[in-house]
Each structure stands twice: as structure tokens, then as C-alpha cells.
Amino acid sequence: MLTIALPKGRIAEETLDKFEKAFGEKFVFEDRKLILQKAGFRFLNVRNQDVPTYVMHGAADLGVVGLDVLEEKEYDLIKLLDLELGRCKVAFGLRAGEKLNFNKSKITIATKHEKIAKKYFEEKAMAVEIIKLYGSIELAPLVGLCDCIVDIVETGETMKQNGLEVGPTIMESSAHLIANKNSFYAKKDLILDLREKIEVHL
Ligand SMILES: Nc1ncnc2c1ncn2[C@@H]1O[C@H](COP(=O)(O)OP(=O)(O)OP(=O)(O)O)[C@@H](O)[C@H]1O
Ligand SMILES: O=P(O)(O)OC[C@H]1O[C@H](OP(=O)(O)OP(=O)(O)O)[C@H](O)[C@@H]1O
């Protein structure tokens, strides 16, 4: 039996679709149920941001989560497969017409992705103030909370509609199948078989 943490939210449907294609079974969580047990799997319905936590602690053997979340959490997990869904990038957002001024003594950045932003500036040995937000990031530079933002960009429409321009990209992201290290060694055959079945349908 494999326990797999799946993200609710925007990539939920496409993720389940990958498992359905791989195993020829219909996987649907019943109303309000957080566990779905079928065909030798126990699927857990968790928040995207919580997926690596379940896998890291071994409460789930496997999980599906965006690379952006993995980078942000910095957990020691095995990346098994790029599922080629949930494609987006983590990029700067600047007020239209403005450029990122690397000469400024201190840049203030609002973001949900604190660690990713911090690492970017550490590598450039630049001082930054990072303001952690949980959503509606594009609002922050419009009301003077920050100089710029670091956020997910998929179509770029949210930035555009709020008078922002997409600046430099920090990283590209897509959803990945991840594994707990101990589970991987203890259940290697099961896990590699699952990876293979999913991979042929990508
Ligand atoms: N437009 C987008 N906005 C946000 N994430 C996107 C977008 N497009 C693709 N993604 C990817 O989909 C993943 C899931 O996005 P979702 O919005 O469901 O999660 P979340 O906001 O991180 O979740 P939660 O806060 O509920 O845990 C993201 O981590 C990212 O990798
Ligand atoms: O480039 P786009 O296609 O416009 O997508 C990007 C937007 O989608 C996400 O927000 P989400 O809808 O998750 O809402 P949030 O502000 O609550 O994070 C992300 O934080 C951007 O705001």
C-alpha cells in the first residue's frame, strides 16, 4: 500500500487525471472525505503547501507538489518525476515602466516565496527587506508596501490587470512526484512501478 498526498486546489484535477490514466481507475474523493482508499493506494487530500510536510514526516510515502513549494520548504525529499502540469514561473513584478534598481541600498520585496526571494538576493550579496504576504501579492507595490514583488506568474494576466510588468524570472516550476527517503528505500519496487506507469502517459 502506498500513501500519496495530493494537493487540493488548482492542480488537483490534473493530478488525479495522471493517476487515473496510469491505473485505469476512477479516483474521486467523496464529499468532504480527506482519504480515498482504492486500488492499493491511500490518497490524502491536503493543501498544496502542506504536501511536502506530510511526505517529509513519512505520513505519506509520496506526494505531488509544485517545484516552487519544494524550493520554498527546502525539505530533504526525493524528486521522482516531473508531471508536466501546473507550469508557471516565480518572477519579479514591477510597477509598469520601472526597472529593478540593483544599486538601491535596500530593496523591499513583498512575496509568499520568502526563501526563494532571499536566496536570489543572497547570491547577489544584496540587502533586501522581505515582507511576507499570503495572497493578493500584486496589490502590495500599488499601495507603497514594497518596491516590487516576487510571485507566481502563469499567464501574466494578474500583473497586467494591476499595472505591473513581469520582471526577471527566478525559477520555472511544474508539479513533481516526490518521495519520502525512507519510503523510497523500503517500497522501492512499488514506487518505481508507479513512476513508470505515470511516465508512459506523460
Ligand atoms: N496561476 C497560478 N497561481 C498559483 N500557482 C500556480 C499557478 N499556476 C500554476 N501554479 C502551480 O500550482 C501549484 C498549486 O497552486 P494552488 O494555488 O492550488 O496552491 P497554493 O496557493 O500554494 O495552495 P495553498 O495555499 O492552498 O496550500 C503552485 O504551487 C504552483 O506550482
Ligand atoms: O499569471 P496569472 O495567470 O495571472 O496567475 C498568477 C496569479 O495566480 C496566483 O494567485 P492566486 O489565484 O493563487 O491567488 P492569491 O493571490 O490568493 O495567491 C498568483 O499568486 C498570481 O497572483
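## Fold over residues 47-199

Over residues 47-199 the chain is 30% helix and 32% strand. The end C-alpha atoms of that stretch are 24 Å apart. The model is predicted, and every value here is computed from it.

The same range carries a label from a record. An unreviewed UniProt entry annotates residues 47-199 as "domain: ATP phosphoribosyltransferase catalytic".

## Ligand 1: shell and contacts

Ligand 1 is surrounded by 16 residues. The closest are Arg47, Asn48, Gln49, Asp68 and Glu154. By class, the shell has four nonpolar, six polar and six charged residues.

Three of those closest residues make polar side-chain contacts. For arginine 47, an N or O atom in the side chain is 2.8 Å from an oxygen atom of ligand 1. Aspartate 68 also reaches an oxygen atom of ligand 1, with a polar side-chain atom at 2.6 Å. Glutamate 154 pairs with a nitrogen atom of ligand 1 instead: an N or O atom of its side chain is 2.9 Å away. On its own, ligand 1 has 620 Å² of accessible area, and the protein covers 82% of it.

## Ligand 2: contacts and burial

Around ligand 2 there are 13 residues. Ser136, Glu138, Thr155, Gly156 and Thr158 come nearest.

Oxygen atoms of ligand 2 take part in the following contacts. A polar side-chain atom of threonine 155 lies 2.5 Å from one. For serine 136 the partner is a polar backbone atom, at 2.7 Å. Arginine 10 contributes a polar side-chain atom at 2.8 Å. Taken alone, ligand 2 exposes 500 Å², of which the protein buries 73%.

## Ligand 2: make-up of the shell

Which elements each supply at least two residues of the shell around ligand 2? They are strand E9 (148-153) and helix H5 (157-161). E9 gives the largest share, three residues.

By class, the shell around ligand 2 holds two nonpolar, five polar and six charged residues.

## The pocket

Where does ligand 1 sit? Ligand 1 is in the largest pocket. Ligand 2 sits in the largest pocket as well.

## Recap for modelling

For ligand 1, the polar contacts include the side chains of arginine 47, aspartate 68 and glutamate 154. For ligand 2, they include the side chains of arginine 10 and threonine 155, plus the backbone of serine 136. Six charged residues stand in the shell of ligand 1, and six in the shell of ligand 2.

Terms used:
Residues numbered from 1 in each chain as written. Chains lettered and ligands numbered in written order. Predicted model: local features only at pLDDT ≥ 70, side-chain atom pairs only at ≥ 80, totals over all residues. Heavy atoms only, no water. Near = heavy atom within 4 Å. Polar contact = N/O pair within 3.5 Å; in protein donor to acceptor, adjacent residues only side chain to side chain. Areas by Shrake-Rupley, 256 points an atom, 1.4 Å probe, with all protein chains shown as cover. 1 Å grid on protein atoms, 1.4 Å probe; cavity = no way out; pocket = protein on both sides within 12 Å on 5 of 7 lines; lining within 4 Å. Sits in = over half its atoms within 2 Å of the grid points. Helix = DSSP H or I, 4+ residues; strand = E, 2+ residues; numbered from the N terminus. Nonpolar A, V, L, I, M, F, W, Y, C, P; charged D, E, K, R; others polar. UniProt positions renumbered as here; feature names shortened; annotations may be inferred.
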